[in-house]
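Colleague: I should like to go through this structure with you. May I ask, for each term you use, what justifies it?

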Amino acid sequence: MIIENATIATVNAESVVHESGHVVVDGARITSVGAGPAPDTPGAQRIDGTGCLVTPGFVNTHQHLYQWATRGLAVDETLFGWLTALYPVWAGIDEETTHAAASGSLAWLARTGCTTASDHHYVFPREGGDVLAAEVTAAREVGLRFHPTRGSMDLGKSQGGLPPDHVVEDIDAILAATEAAIEEFHDPSPESMLRIAVAPCSPFSVTGELLKRAAELARAKGVRMHTHLAETTDEDDYCAEHFGCTPVQYAQNLGWLGPDVWLAHAIHLDDPAIATLARTGTGVAHCPSSNARIGAGICRTRALRDAGVPVGLGVDGAASNEAGSLLEEARHALLFARAVGGPRALAVHDALEMATMGGARVLGRADEIGSLEPGKLADLAVWRLDTLPHLDIADPLAALLLGYPPPLELLLVNGNPVVEHDRVVTVDEDEVARAVRRAHTKLLTRAGVNQ
């Protein structure tokens with residue numbers, strides 16, 4: 001496949017943008033990127049990209065897919081109030097509702113330019129069946145590269161944690177299920193479409209013992225580690241009261257920092273904490289829309305990036321970010337950084353880099369995805385910028401990241417079309433929407449929530 005006559009934002013080390021260039025894809029790999037017409041390739045499918053911008057596919061580094069079926073609840077609550085309101089609803093998820101929610105969320109992520117999605121799933125009701133497998137199935141059907149995590153909670157309310165006791169698990173059961181998930185699903189090979197990480201939920205929903213043993217398991221199996229950290233000032237207070245330290249110090253004491261770890265949110269960090277993340281190579285999943293929706297604060301992205309911390313973007317769960325758009329996260333990351341740090345706090349290209357190469361670094365796949373370069377996997381997005389909202393915006397990157405969300409002309413994952421002409425082609429969008437609506441009704445009815 002040859003895409004030509006388009007603006008090409010490579011997001012390579014030199015941040016090269018070709019005003020009129022080409023990308024050549026052969027199977028799952030990119031074979032050529034450059035200015036001007038493509039090399040002569042007999043028999044290739046040629047796509048005229050006139051009026052379009054080609055970017056690497058976006059990488060979503062933090063999400064809770066099951067929450068797509070519980071949007072629009074507790075809309076004016078802080079994090080702890082929001083969690084308290086929603087845990088009883090989430091306790092009712094099962095394979096059917098999780099598959100529906102994951103399908104809806106992944107399909108919409110695809111529509112917003114996402115080619116690689118990570119998911120942090122930590123709710124495993126005793127009667128819910130194999131909800132992790134339900135997510136994996138949904139990702140295979142939609143066609144996205146998938147990095148699910150086997151999350152967990154073992155610190156219930158009766159033990160001083162936040163989640164109700166009926167949604168937490170026993171440590172040994174958690175570790176056994178996590179190891180089984182790695183054995184069943186994790187594919188470390190090149191071009192892998194499925195990799196598993198280990199992900200106890202947060203300092204106020206898991207014990208220190210679980211964090212320690214989960215880290216030992218992850219490193220023994222050679223998989224990555226993920227958790228929430230430093231999301232709110234309430235968490236700062238909780239860690240000070242219960243552990244006598246900051247969230248970053250707590251994570252470090254338990255072996256939860258390093259180049260194989262990435263942290264969701266990481267909003268409330270002082271300079272020493274940022275220096276610690278940089279020194280250990282720990283990554284951050286920045287989730288600006290969810291952070292703003294819950295009023296948690298604004299991540300110090302400029303300081304993190306200046307220190308050398310890998311920073312990617314995440315949409316977070318749809319129950320705290322009903323839009324679920326990765327393109328919107330790039331825009332909000334740009335605007336929020338400037339709102340607190342001025343117009344030079346983050347450049348337009350910085351926001352694109354966080355959505356692509358930044359996310360690839362966070363997930364440990366910078367050598368395979370995140371930029372348009374020969375030899376990399378053919379994960380790319382073609383955005384149409386010759387429509388009324390964008391046609392007269394001088395800079396194509398500004399049109400994409402500061403303008404109205406443009407139509408997505410084409411999305412390739414591993415060289416395969418997932419979106420064409422602003423429509424998902426791998427699943428029936430209308431049927432997915434109906435399934436999500438049924439799941440939403442089912443969950444709220446089970447929880448006794450008025451609709």
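Colleague: Why is C114 not bonded to the closest cysteine sulfur?

Modeller: A disulfide is a pair of cysteine sulfur atoms within 2.5 Å. The sulfur of C114 lies 13 Å from the closest cysteine sulfur, that of C287, so the two are too far apart for a bond. Please note that this is a predicted model, in which local features need pLDDT of at least 70 and side-chain atom pairs count only at pLDDT 80 or more, while totals for chains, interfaces and linings use all residues. Residues are numbered from 1 along each chain as its sequence is written, and side-chain values use heavy atoms, with hydrogens and water left out.

Colleague: What makes a bond between C299 and its closest cysteine sulfur impossible here?

Modeller: The closest cysteine sulfur to that of C299 is in C287, at 8.9 Å, and this is too far for a bond. A search of the whole structure finds 0 disulfides.

Colleague: Why are C114 and C299 called buried?

Modeller: Buried means under 20% relative accessible area, exposed means over 50%, and partly exposed lies in between, with a 1.4 Å probe and protein chains only. C114 has 0% relative accessibility, and therefore counts as buried. C299, at 3%, counts as buried too.

Colleague: How do you know whether A275 is buried or partly exposed?

Modeller: The relative accessibility of A275 is 38%, so this residue counts as partly exposed. A275 belongs to helix 8 (residues 271-280); helices are DSSP runs of H or I with at least four residues, strands are runs of E with at least two, and both are numbered from the N terminus. A275 and A9 are 266 residues apart in sequence and 31 Å apart in space, C-alpha to C-alpha.

Colleague: What makes the phi of A74 worth a remark?

Modeller: Most residues other than glycine have a negative phi. A74 is not a glycine, yet its phi is positive, near 50°. A74 sits in the loop between strand 6 (58-60) and helix 1 (79-90). With a relative accessible area of 23%, A74 is partly exposed.

Colleague: Which value of phi does A266 have, and is its sign positive or negative?

Modeller: A266 has a positive phi of about 50°, although it is not a glycine. A266 is found in the loop between strand 11 (261-265) and helix 8. Its relative accessible area is 2%, and therefore A266 is buried.

Colleague: Why is S202 called buried, and what does its side chain meet?

Modeller: S202 has a relative accessible area of 2%, so it is buried. This residue lies in the loop between strand 9 (197-200) and helix 5 (208-221). The side chains of S202 and S205 make a polar contact at 2.7 Å. A polar contact is a pair of N or O atoms within 3.5 Å; within protein, one must be able to donate a hydrogen and the other to accept it, and residues adjacent in sequence count only if both atoms are side-chain atoms. Neighbours within four places in sequence aside, S202 is in contact with T227 and H228, where contact means heavy atoms within 4.5 Å.

Colleague: What joins the side chains of R384 and D386?

Modeller: A polar contact of 2.7 Å joins them. R384 is part of strand 14 (residues 380-384). Outside its neighbours within four places in sequence, R384 is in contact with residues including T50, H390 and E409.

Colleague: Why is D130 called partly exposed?

Modeller: The relative accessibility of D130 is 35%, and so D130 counts as partly exposed. D130 is in the loop between strand 7 (114-121) and helix 3. The side chain of D130 reaches the backbone nitrogen of A133 at 3.1 Å.

Colleague: What makes D428 partly exposed?

Modeller: D428 has a relative accessible area of 45%, and therefore it is partly exposed. D428 occupies a place in the loop between strand 17 (423-424) and helix 14 (429-447). D428 and T41 are 387 residues apart in sequence and 34 Å apart in space, C-alpha to C-alpha.
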